[in-house]
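Here is a short briefing for a reader meeting this structure. Please look at the sequence and the model before reading on.

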Amino acid sequence: MSIILLVITALLFGVLSYYLWIWIYWRRRGVPGPLGYPVVGSFLSTIEHTNPQYLQIREWTKQYGSVYGYTEGTMKTLIVSEMDLVHQLFVTQYDNFYGRKLNPIQGDPEKDDRANLFSAQGYRWKRLRAIASPTFSNNSLRKINLTVEDCAIELLRHIEEQTTGGEPINMLQFYQEFTMDVIGRIAMGQIDSQMFRNPLLNFVKAIFADNRKHIPLIGGVFPVLAQIFRYFMLKFPFLGAANFIHVHKTMVSAVHNRIAQREEDKNNGIEPGEPQDFIDLFLDARAEDVEHFGESNADFSKSSSYNNRQLTTMEVVGQCTVFLIAGFDTTALSLSYSTFLLATHPEIQKKLQEEVDIECPDSVITFDQLSKLKYMDCVIKETLRLYPLGTLANSRRCMRATKLGNVEVEVGTMVQVDTWSLHTDTKVWGDDAKEFKPERWLLPETDKISQKGGYIPFGLGPRQCIGMRLANMEEKILLSHILRKYTFKTGKKTDIPLKLHGRATTQPESVWMHLVSRN
Ligand code: HEM
């Protein structure tokens, strides 16, 4: 009995010592930062939906400087907000940082059959990126442009219906309907518009909502149990992943239905036509007989000539799902922030309306007209400078021990860019860094800041956001259509300043606007 007690005590002591050792990881290395609490580290400060983690990180940067570290359970994260270090992380030291920060609950990016472009790393990422890239080429976007235009006109119809009595509307909700419609139609075979009656929307929205704090917590604090919990979580939706499982299952059946349809067409001698959506595009790259390619990342290097261009069925599902999730929320938020900034800066809104009136005089807005909207570009860029809503993705995992600035970074350490601080750093942007000034983007030196790592709303380097140009196109088309007819005006219900919340992305709670007709 006493031996059992002794063993248990020794085990407990060992486990506790391990957690304490990790907890003071950055202190041991002489790197400043918040300590938080033993075992959980700073998790309690980064996990609350009402206290967005990236705004918390910005607060810590004010306190600890541009390079500091914190722990979340066993996860060790170095925060950087210096332009030079960001450039090293994403570009010059890419080979040392080719993975992204992931919680162990998200699965093993090298083995998981559901890995997607966002989570994959090394060879696997390279293969997925090579297959997905043509989807966002100029030619593909030109075709997608027609669908986006169609969705914009449909949204305008809803706006008209719901603002006839001069009532304000929550633009965030309208933009979510729009982006969900676009991505549903281009990613997953949705035929017609389902605006304001899309059964999938609430499930996708809920993925970004606040009911799953225990999931990152379990993954971060008990990485050894993460895979077991993940297994049960995906089997039993009540454990917290119900919304994700629903979206995943919907995608699985959309992909399987399409495979069956293509088989039937083939048997009936019908030639495959042009790909209709992302499912078709990815199915064209599907391998018949492999379940997982099992690449080894051991000798991964940027210059490798690895060139397998095939996908497993589960990878097809994974790609479409990640495009649905990544493409829906981010673009709707970007539109919402632009709307808020335009309404609170009427002179800028007027200037933008003048540009749209001149460049887009006809009822249809063409792909080529979009490149003429120079001031619109400035407005969108400046919005994302002040509200870099997708900061979560601006992270990397150290894959080879190296040095970043003065800090020795060990394999497995995560590095997160504090994009909110970087984007308003007065050393980079000048004294007016916090002001909304789209004109700054007319100066050639501003674009140089982007190349040097000072402006990264879509990240930088080989893993830069693949949907950047699609998002830009959606925003330009929709804003042009709206601004030709209406002027955004704030009202009693508008939160000024915006109330921000969120975890994966940083979102306004609402963006209530009056849409005043220009006629
Ligand atoms: C305003 C809208 C958007 C913002 C602000 C945004 C932001 C970001 C950021 C910051 C990254 C990380 C880049 C890096 O690590 O260097 C990223 C990656 C990614 N984004 Fe976006 N994004 C947006 C729209 C979209 C859209 C429309 C899609 C797809 C339809 C998309 C799909 C992805 C994917 C798949 C990745 C991972 C790329 C990779 O690792 O190779 N995003 N995004």
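Arginine 129 places a polar side-chain atom 2.7 Å from an oxygen atom of the ligand. The model is a predicted one. The points below cover the ligand, its iron atom and a patch on the surface.

**Polar contacts with the ligand**
- In tryptophan 125, an N or O atom of the side chain is 2.7 Å from an oxygen atom of the ligand.
- For arginine 463, the distance from a polar side-chain atom to an oxygen atom of the ligand is 2.9 Å.

**The shell around the ligand**
- Two or more residues of the shell come from each of the elements α6 (122–132), α14 (313–344) and α21.
- Helix α14 gives the largest share, six residues.
- The ligand is surrounded by 28 residues, and the closest are Arg100, Trp125, Arg129, Arg396 and Cys465.

**The iron atom**
- Cys465 is the only protein donor of the ligand's iron atom, with its SG atom at 2.3 Å.
- Cysteine 465 sits in a loop, which runs between α20 (444–452) and α21 (468–485).

**A nonpolar surface patch**
- Phe222, Val224, Leu225, Ile228, Tyr231, Phe232, Phe236 and Phe238 make a nonpolar patch of about 880 Å² on the surface.
- Isoleucine 228, one of these residues, belongs to helix α11, which spans residues 223–235.
- The relative accessible area of isoleucine 228 is 47%, so this residue counts as partly exposed, a class that lies between buried (under 20%) and exposed (over 50%).

Note on methods
Residues are numbered from 1 along each chain as its sequence is written. This is a predicted model: local features need pLDDT of at least 70, side-chain atom pairs count only at pLDDT 80 or more; totals for chains, interfaces and linings use all residues. Side-chain values use heavy atoms; hydrogens and water are left out. Donors are N, O and S atoms within 2.8 Å of the metal (3.2 Å for Na, K and Ca); water is not among the atoms, so sites may look incomplete. Helices (H or I, at least four residues) and strands (E, at least two) are DSSP runs, numbered from the N terminus. Patches are made of residues with over 30% relative accessible area and no salt bridge: like charges are joined within 9 Å, nonpolar side chains (Val, Leu, Ile, Met, Phe, Trp, Tyr) within 5 Å. Accessible areas come from the Shrake-Rupley method with a 1.4 Å probe; for residues, only the protein chains shown count as cover. A salt bridge is a side-chain nitrogen of Lys or Arg within 4 Å of a carboxyl oxygen of Asp or Glu. Buried means under 20% relative accessible area, exposed over 50%, partly exposed in between (1.4 Å probe, protein chains only). A residue is near a molecule or strand if one of its heavy atoms lies within 4 Å of it. A polar contact is a pair of N or O atoms within 3.5 Å; within protein, one must be able to donate a hydrogen and the other to accept it, and residues adjacent in sequence count only if both atoms are side-chain atoms.
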